[in-house]
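Grab a pencil and work through the exercises below. Try each one yourself before you read its solution.

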Amino acid sequence: MAAEDSTDKLDRIVAQARRERDEREKGYREQALKLYPWVCGRCSREFTRDNLRELTVHHRDHNHDNNPPDGSNWELLCLYCHDNEHSRYLDVAYGDAAGSEKKKATTHNPFAGLADLLKKDK
């Protein structure tokens with residue numbers, strides 16, 4: 001019984017969090033769609049009411065709770081550009097070479113004494 005109770009409680013918590021997220025998104029999404037033209041900020045793809053569901057609101061600072069009413073933290077991106085933006089953000093966070101600063105050169109030289117060793121054999 002205790003496992004069922006904890007599972008039910010967890011399900012309720014997750015469902016409530018999703019409802020709250022959906023409500024929050026509706027608010028800033030509607031605001032962003034009123035403020036900005038229905039065009040992807042990266043690839044310039046244009047949207048109509050028929051395909052508007054493919055246009056997302058991206059938070060420039062990646063903080064979904066930062067929703068100023070002037071829309072200064074938002075940009076409209078298509079699904080593909082939005083996914084790409086978040087992938088690049090994760091790559092930088094994990095130190096991927098594509099997005100990180102130039103890596104330091106290696107200082108160890110495994111062949112440093114090789115010439116001397118070869119001279120000794122002759």
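**Exercise 1: Around A32**

Leaving aside residues up to four places away in sequence, A32 touches V57, W74 and L76. Keep in mind that this is a predicted model. Your task: find where A32 sits and decide whether A32 is buried or exposed.

*Solution.*
- Step 1. Start with the address: A32 belongs to helix α1.
- Step 2. Now look at accessibility. The cut-off for buried is under 20% relative accessible area, and A32 comes in at 0%, so A32 is buried.
- Step 3. Finally, check a distance. A32 and D70 are 38 residues apart along the chain, and their C-alpha atoms are separated by 8.9 Å.

**Exercise 2: A link across the chain**

Work out which parts of the chain the salt bridge between E75 and R42 ties together.

*Solution.*
- Step 1. Check the pair. A salt bridge needs a side-chain nitrogen of Lys or Arg within 4 Å of a carboxyl oxygen of Asp or Glu. In E75 and R42, the closest N and O atoms are 2.8 Å apart, and the two do form a salt bridge.
- Step 2. Place both residues. E75 is in strand β2 (residues 74–78), while R42 is in the loop between α1 (2–35) and β1 (55–59), so this pair ties together parts 33 residues apart in sequence.
- Step 3. Compare the surroundings. E75 has a relative accessible area of 12% and is buried, whereas R42, at 38%, is partly exposed.

**Exercise 3: A link inside a helix**

How many residues apart are R88 and E85, and which network do they join?

*Solution.*
- Step 1. Find the bridge: R88 pairs with E85 in a salt bridge, with 3.0 Å between the closest N and O atoms.
- Step 2. Count along the helix. Both R88 and E85 lie in α2 (residues 79–93), three residues apart, which is about one turn of the helix.
- Step 3. Check accessibility. R88 is partly exposed at 47%, but E85 is buried at 10%.
- Step 4. Put it together: salt bridges with shared partners join R42, E75, E85 and R88 into one network.

**Exercise 4: A neighbour of E85**

Which residues does H62 touch, not counting those up to four places away in sequence?

*Solution.*
- Step 1. Look in the loop between β1 and β2; that's where H62 lies.
- Step 2. List the contacts: H62 touches E85, H86 and Y89, with residues up to four places away in sequence left out.
- Step 3. Check accessibility: H62 has 18% relative accessible area and is buried.

Conventions:
Residues are numbered from 1 along each chain as its sequence is written. This is a predicted model: local features need pLDDT of at least 70, side-chain atom pairs count only at pLDDT 80 or more; totals for chains, interfaces and linings use all residues. Side-chain values use heavy atoms; hydrogens and water are left out. Helices (H or I, at least four residues) and strands (E, at least two) are DSSP runs, numbered from the N terminus. Buried means under 20% relative accessible area, exposed over 50%, partly exposed in between (1.4 Å probe, protein chains only). Contact means heavy atoms within 4.5 Å.
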